[in-house]
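Here are some short exercises to work through at your own pace. Keep the viewer open and try each task before reading its solution.

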Amino acid sequence: MAKVFITGSADGLGLMVGRLLVEQGHEVVLHARSEARAEDARVALPQAEAVLVGDLSTLAAMRDVADQANERERFDAVVHNVGLGYREPRHVETVDGLSQLWAVNVLAPYALTALMHRPDRLIYLSSGMHLGGDPSLEDPQWSRRRWNGVQAYSDTKLHDVLLAFGVARHWPGVPSNVVSPGWVPTRMGGRGAPDDLDQAHLTQAWLAAGDDPEARETGRFLYHQRPADLQPAARDPELQGRLLDYCREVSGVALA
Ligand SMILES: NC(=O)c1ccc[n+]([C@@H]2O[C@H](COP(=O)([O-])OP(=O)(O)OC[C@H]3O[C@@H](n4cnc5c(N)ncnc54)[C@H](OP(=O)(O)O)[C@@H]3O)[C@@H](O)[C@H]2O)c1
């Protein structure tokens, strides 16, 4: 039995991963942005051990959610699933002066990784759209560019790959992998999304709790448990290091 924490799991793929892991006999802790959403999560999955609460668009809440997590027993696996989508109509700046999309999609997984007791396995969520992500790491906060939600999302999903691979290099003993779930009809994906929703959560659950050695490999980008098309820049150790350095500077939190 594995203890697994899943961020952004009041709905969508995060909740689906939680439900599957519970069915498999694992202990699941969910996470929601607010008390009201936590109650929704409890109703949706009453077998969850707990629901941690915090809006992961602010650094204060990232620290608070990490504290809540660290008050519990160390997790065997963490699924960094929280995310905003590609249809954000405008640039929103957080109280920390960051792009909200970047804060939720990139800084929250980084900060929780750095602040939480180190689990045995780490899983991050990317997307096929990372292929269109800008590998320059220039202007991640969209302070110089005119807002483009698709580009901004694609950039964050490339950053998630760099984060997962950077962590895999930094902590070679902790399998750190990244999943492209397909374009599926969750609230984020939209009704017309063409890929199979029934398959979209399976790889995350397998990486979190699967017994076979393949589930414990590290530094992989997977779609349906198989290596998927990857932007070559994502394999660049220098770029991975720059992303980690940037997240450290912005958050003031370093990976141990
Ligand atoms: N669906 C797709 O086609 C697709 C494709 C590629 C990658 N992905 C990735 O898969 C992951 C899950 O996506 P999904 O499709 O399941 O999306 P979703 O249905 O919109 O669910 C996202 C979850 O994140 C939560 N969340 C968003 N902002 C938050 C914040 N500031 N603080 C706390 N929680 C927050 C949402 O909470 P609320 O419900 O309260 O808003 C929701 O529970 C994301 O990382 C996404 O980039 C999805």
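A polar contact is a pair of N or O atoms within 3.5 Å; within protein, one must be able to donate a hydrogen and the other to accept it, and residues adjacent in sequence count only if both atoms are side-chain atoms. This is a predicted model, in which local features need pLDDT of at least 70 and side-chain atom pairs count only at pLDDT 80 or more, while totals for chains, interfaces and linings use all residues. Residues are numbered from 1 along each chain as its sequence is written, and side-chain values use heavy atoms, leaving out hydrogens and water.

**Exercise 1. Find polar contacts to the ligand.**

Step 1: start with Arg-33, where a polar side-chain atom lies 3.0 Å from an oxygen atom of the ligand.
Step 2: turn to the backbone. An N or O atom of Leu-56 is 2.9 Å from a ligand nitrogen atom, and one of Asn-81 is 2.9 Å from a ligand oxygen atom.
Step 3: look at the surroundings. Of the 30 residues around the ligand, those that come nearest are Leu-13, Arg-37, Tyr-153, Val-184 and Thr-186; a residue is near if one of its heavy atoms lies within 4 Å.

**Exercise 2. Trace the sheet.**

Step 1: recall that helices (H or I, at least four residues) and strands (E, at least two) are DSSP runs, numbered from the N terminus. Two strands pair if DSSP finds at least two bridges between them.
Step 2: read the order. The open sheet has eight strands, E3-E2-E1-E4-E5-E6-E7-E8, with mixed pairing. At its edges are E3 (50-53) and E8 (226-227), each pairing on one side only.
Step 3: zoom in on E4 (residues 77-80) and E5 (residues 121-125), which run parallel and are joined by four bridges. Ala-77 stands opposite Arg-121 in E5.

**Exercise 3. How do H4 and H5 pack, and how do H5 and H7 pack?**

Step 1: set the terms. Axes are lines fitted to C-alpha atoms, for helices over the stretch in contact (heavy atoms within 4.5 Å). Angles run from 0 to 180 degrees between N-to-C directions; under 35 counts as roughly parallel, over 145 as roughly antiparallel, 65 to 115 as roughly perpendicular and the rest as oblique.
Step 2: take H4 (residues 100-115) and H5, which pack at about 10 degrees with axes 8 Å apart. H4 is therefore roughly parallel to H5.
Step 3: take H5 (residues 149-170) and H7 (residues 237-251), at about 100 degrees with axes 8 Å apart. H5 is therefore roughly perpendicular to H7.
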